[in-house]
Each structure stands twice: as C-alpha cells, then as structure tokens.
Amino acid sequence: MLQLWLQDAGRAGGVGVDRAKVAELAAERIDWRFKALPSSAWGRTVAEYLAGGPTLDDFGTPLLTLDQGALDHNLRTMADWSAQAGAWLAPHGKTTMAPALWQAQLDAGAWAITLANLSQLHVARAFGVRRLVLANTLLDPHGLAWLARELDSDPEFWFVCWVDSVAAVEQMDRALRAAGAQRPVDVLVEVGGPGGRTGVRDLDTGAAVARAAAAAPTLRLTGLGGYEGVLAHDAGPAALAKVERYLLAVRELHARLRDEQLLDQAEQVLLSAGGSSYFDQVVELLGAVPGTRLVLRSGAYLIHDDGLYHGLSPLARGAGGRPLRAAMHGWARVLSHPEPELVLLDGGKRDFPFDEGLPTVQRTRAGRPLTGTVTGLNDQHAYLRGSTARIGEVVRLGLSHPCTAFDRWTMIPVVDDADAPNPRVVDLVRTFF
C-alpha cells in the first residue's frame with residue numbers, strides 16, 4: 001500500500017516522517033495484544049505475516065478494516081482539491097494516530113500534521129515529524145520544557161500552537177523562560193464562537209492576546225487559528241450562515257492585528273481553520289486574505305465514512321472534485337437469533353463508533369445483500385432488527401465518524417478491495433493512542 005503512495009513523493013511539502021522509524025513497524029511481532037488478528041499469526045513479524053498472503057477470512061470478529069482503493073482515492077482527491085484551492089493542508093493526525101498514514105499524507109503534498117495534545121506530539125516526534133500544528137494551547141510546564149528541548153536540538157523542527165488568553169501567554173512565557181528556551185514558539189491567536197470551545201469571543205480580547213504574544217520574548221505571533229466545525233453540525237442555511245459569520249470574524253480580527261502591525265514579526269502569516277465539513281467556506285472567505293497563507297486542518301477526509309461525513313463533506317455537496325469514499329468498515333458475526341425480528345452481532349461500543357450515528361448494515365462478507373437496522377449497541381453486542389442475517393454469518397457494517405473508530409484498534413488490516421468476496425489483506429496499520 002505505501003509503495004503506491006510513495007510514488008507521489010515528488011509532490012510532498014518537503015517535510016515527512018522518519019522513514020526508518022515507520023519501516024520498523026513491519027518488524028513488530030504480532031501477538032495477543034492485537035485484537036482480531038488470528039493466533040496463527042502470533043510470533044511472526046508484520047512483514048512475515050503479510051508475505052503469506054492472508055485474506056479477510058483468516059481474521060476474527062469483531063473487526064475494523066481499511067480499504068486500499070478508497071484510501072488512495074481520498075488521499076489524491078483532497079491533495080488535488082487543496083492544491084487547486086491554493087491552500088496548505090495540515091491534516092489532523094488525531095483521527096488515525098497512525099504514522100504510516102501520516103507519511104502517506106505528507107508524501108502526497110500535505111504541509112504539516114496537526115495534533116491535539118501533548119501525548120500525540122510525543123508520538124509524532126518519536127516518528128520524526130518535523131512540522132507540527134497543535135490545534136490547542138500547550139500550558140503543561142513539563143510539556144513546554146520538552147518542546148523547548150525539541151526545538152533547540154532540531155533546527156528543522158517547526159511548531160505552532162494556539163493561545164486564547166493573556167494568562168495563557170504569560171504562563172507559556174514563564175515556563176519557556178524557566179526551561180531556558182532558545183528558539184521562540186510560534187503561536188496563533190485562537191478565535192472561538194458563542195457556545196463553542198476554546199478561543200477568544202470578541203475582537204478586543206483577541207487584540208489583547210495578540211499584543212501579549214507579540215511582546216513575549218519566548219513567543220512569536222504568527223497569525224490566527226480556529227475551528228468552525230464545533231459551531232454547526234449540518235449543511236442547512238442556518239448552519240452555513242453561522243460558519244460564515246465566524247469566518248468573517250476571523251478575517252476582521254486579522255485586519256485589526258495587521259493595522260496594529262502586530263503580525264510583522266511573523267515570517268509567514270498563517271490563517272488556519274477548516275475541519276472536514278466546511279473547508280469550502282474556509283477557502284472562500286479566508287483563502288484570499290492578502291499577505292496570508294491559509295492552512296486547512298481537515299482530519300476525516302482520508303478515512304471518510306458511511307455516516308456523518310458521507311453527506312456533510314463539501315465534496316459531497318458540490319464543492320468541486322470527486323466525492324470521497326468510505327475507507328473503513330466494521331465486520332461482526334451473527335451470534336444469536338433469539339426473537340423473530342432480533343439478531344445479535346458480536347461487535348459493540350468497544351469496537352465501533354456510535355457517537356455520530358449507529359453502524360449500518362451493508363451485506364454479508366460473502367457478498368449477500370442484507371437489510372435491517374442496528375438499533376442499539378452494548379459494550380460487545382449490536383442489536384440488528386428486521387434482518388435475514390443467519391447465525392454464523394459475518395456482516396459488513398458501514399460506520400460513522402472515523403475519529404472515534406481508530407482509538408479502539410491498535411493494528412488495523414488494510415484490504416485490497418472491501419467489496420470482494422474474500423478480500424486480500426495487504427497491510428497492517430499500527431496506531432498509537
């Protein structure tokens with residue numbers, strides 16, 4: 001799988017991962033720690049096991065798989081769309097926490113990897129990622145001391161994070177001074193919205209935070225960032241209008257900071273927004289701001305889904321480009337048929353995402369079409385009603401929200417074609433949550 005992606009290395013944004021570290025994952029030995037991998041694989045390395053040509057029938061249930069063709073399609077589609085839009089892409093790595101997939105995204109042209117917290121930064125640096133966006137504020141003193149050491153010891157390491165209060169600026173500056181930081185830490189003033197998460201709620205506060213950051217000797221004010229996706233959850237007129245108001249506020253704050261010459265210290269002024277639901281609006285409203293570089297942070301595009309993003313992605317709503325394809329599927333076996341309209345599957349909340357919609361029934365692993373509705377999940381069971389699935393059959397499930405799928409799996413099989421009767425397993429993706 002990776003060999004196909006690596007053919008695009010010439011398009012890369014110039015920063016990748018430590019390929020040797022990623023390659024070492026193929027030498028990891030498979031054992032009981034990796035659920036759904038067969039006991040016949042125990043003791044063999046990933047490379048040895050894959051050389052034997054395993055198929056999906058060799059794996060237990062419940063199971064999460066990735067589809068190679070869909071991954072490659074989504075990778076190229078988003079890379080092409082971002083390039084045509086003139087935006088840099090810094091995909092949110094928290095979605096997969098899989099360094100091999102980060103490498104594929106960077107090789108396809110992504111400019112950086114975005115992460116959400118300190119432990120995720122540790123993973124990225126362990127695999128040599130040299131350009132990182134932390135879409136959050138880093139206040140942990142030990143974490144800031146570690147970051148200072150990383151920056152000072154690696155001149156090619158670039159990092160930016162967010163701040164949304166003068167108090168946060170002061171605490172960061174104090175911790176970095178105590179750590180003896182030599183290089184300044186780049187920061188973006190985070191813009192929030194009413195009822196949202198973090199981020200300043202008004203222009204005056206944003207300007208005050210920017211002034212504090214520009215004056216702190218251990219920091220460098222580099223631009224503005226934020227996340228519009230937390231403010232809306234559909235593509236209706238009211239939701240799109242709310243996103244538009246938010247992005248116009250980001251633009252207005254940028255104009256104010258520019259007029260006050262607070263951004264003059266930045267080598268490149270960044271505006272960063274854009275999850276996986278409204279990146280078309282982000283490009284339209286922030287992409288043409290003079291003297292800035294727009295950084296999109298879409299995270300779900302590579303995996304996509306059959307639920308939340310299936311209908312919400314701009315590429316499914318006419319924003320140009322090809323629609324994305326669902327690259328993840330769940331597989332669960334029928335264990336019981338205790339009532340005429342009730343079937344119990346062996347996969348539940350511990351295996352599949354459910355926060356943005358329950359799994360949907362697609363077909364059996366052998367290819368027989370199925371109807372029915374998953375009406376609920378327990379920890380280890382799914383309630384399937386109105387289905388002809390028979391005891392012992394393996395059911396393929398469509399899933400919603402990749403961000404809460406990967407954290408349940410530490411090694412995920414990649415199949416050549418999820419629509420085949422018995423797909424061939426061509427890779428095993430290692431995650432680090």
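Two residues are said here to be in contact when heavy atoms of one lie within 4.5 Å of heavy atoms of the other, and this is the sense in which the meeting of helices α10 and α11 is described below. The model is a predicted one. Its strands include 8 that form an open sheet with parallel pairing, and a search of the whole structure finds 26 salt bridges.

**The parallel sheet**

- Read across the open sheet, the 8 strands follow the order β2-β9-β8-β7-β6-β5-β4-β3, and the pairing is parallel.
- The edges are held by β2, residues 88–89, and by β3, residues 113–115; each has a single partner strand, so one side of each is left without a neighbour in the sheet.
- At the β2 edge, the pairing of β2 with strand β9, which covers residues 293–296, is parallel and runs over 2 bridges, and here Trp88 stands opposite Val295 of β9.
- Strand β9 also pairs in the parallel sense with strand β8, residues 270–273, this time over 4 bridges, and Ala273 is the residue that stands opposite Leu296 in β9.
- Further along the order, strand β6 (residues 185–191) is joined to strand β7 (residues 219–226) by 7 bridges in the parallel sense, with Val185 having Leu219 in β7 as its bridge partner.

**Helices α10 and α11**

- Helix α10 spans residues 237–259 and helix α11 spans residues 279–286; their axes come within 10 Å and cross at roughly 35°, and the crossing is right-handed.
- On the α10 side the residues that meet α11 are Leu240, Val243, Glu244, Leu247, Leu248, Val250 and Arg251, while α11 contributes Gln281, Val282, Leu285 and Leu286.
- Sorted by class, the residues in this contact of α10 with α11 are 8 nonpolar, 1 polar and 2 charged.

**A salt bridge between distant parts of the chain**

- The side chains of Asp351 and Lys35 form a salt bridge, with 3.2 Å from N to O.
- This pair links distant parts of the chain, 316 residues apart: Asp351 lies in the loop between β11 (342–345) and β12 (360–364), whereas Lys35 lies in the loop between α2 (19–24) and α3 (46–51).

**The annotated region**

- An unreviewed UniProt entry lists residues 327–416 under the name "domain: D-serine dehydratase-like".
- In the model, the chain over residues 327–416 is 0% helix and 44% strand, and the C-alpha atoms at its ends are 11 Å apart.

**Backbone details in two loops**

- Most residues other than glycine have a negative phi, and most peptide bonds are trans.
- Thr61 and Pro62 are joined by a cis peptide bond, for which omega is about 0°, and Pro62 is placed in the loop between α3 and β1 (63–67).
- Gln261, although it is not a glycine, has a positive phi of about 60°, and the loop in which Gln261 lies is the one between α10 and β8.

Methods: Residues are numbered from 1 along each chain as its sequence is written. This is a predicted model: local features need pLDDT of at least 70, side-chain atom pairs count only at pLDDT 80 or more; totals for chains, interfaces and linings use all residues. Side-chain values use heavy atoms; hydrogens and water are left out. Two strands pair if DSSP finds at least two bridges between them. Axes are lines fitted to C-alpha atoms, for helices over the stretch in contact, and angles run from 0 to 180 degrees between N-to-C directions. A crossing is left-handed if the near helix is turned anticlockwise from the far one by less than a right angle, and right-handed if clockwise. Ala, Val, Leu, Ile, Met, Phe, Trp, Tyr, Cys and Pro count as nonpolar, Asp, Glu, Lys and Arg as charged, and the others, Gly among them, as polar. UniProt positions are given in the numbering used here, feature names are shortened, and annotations may be inferred rather than shown by experiment. A salt bridge is a side-chain nitrogen of Lys or Arg within 4 Å of a carboxyl oxygen of Asp or Glu.
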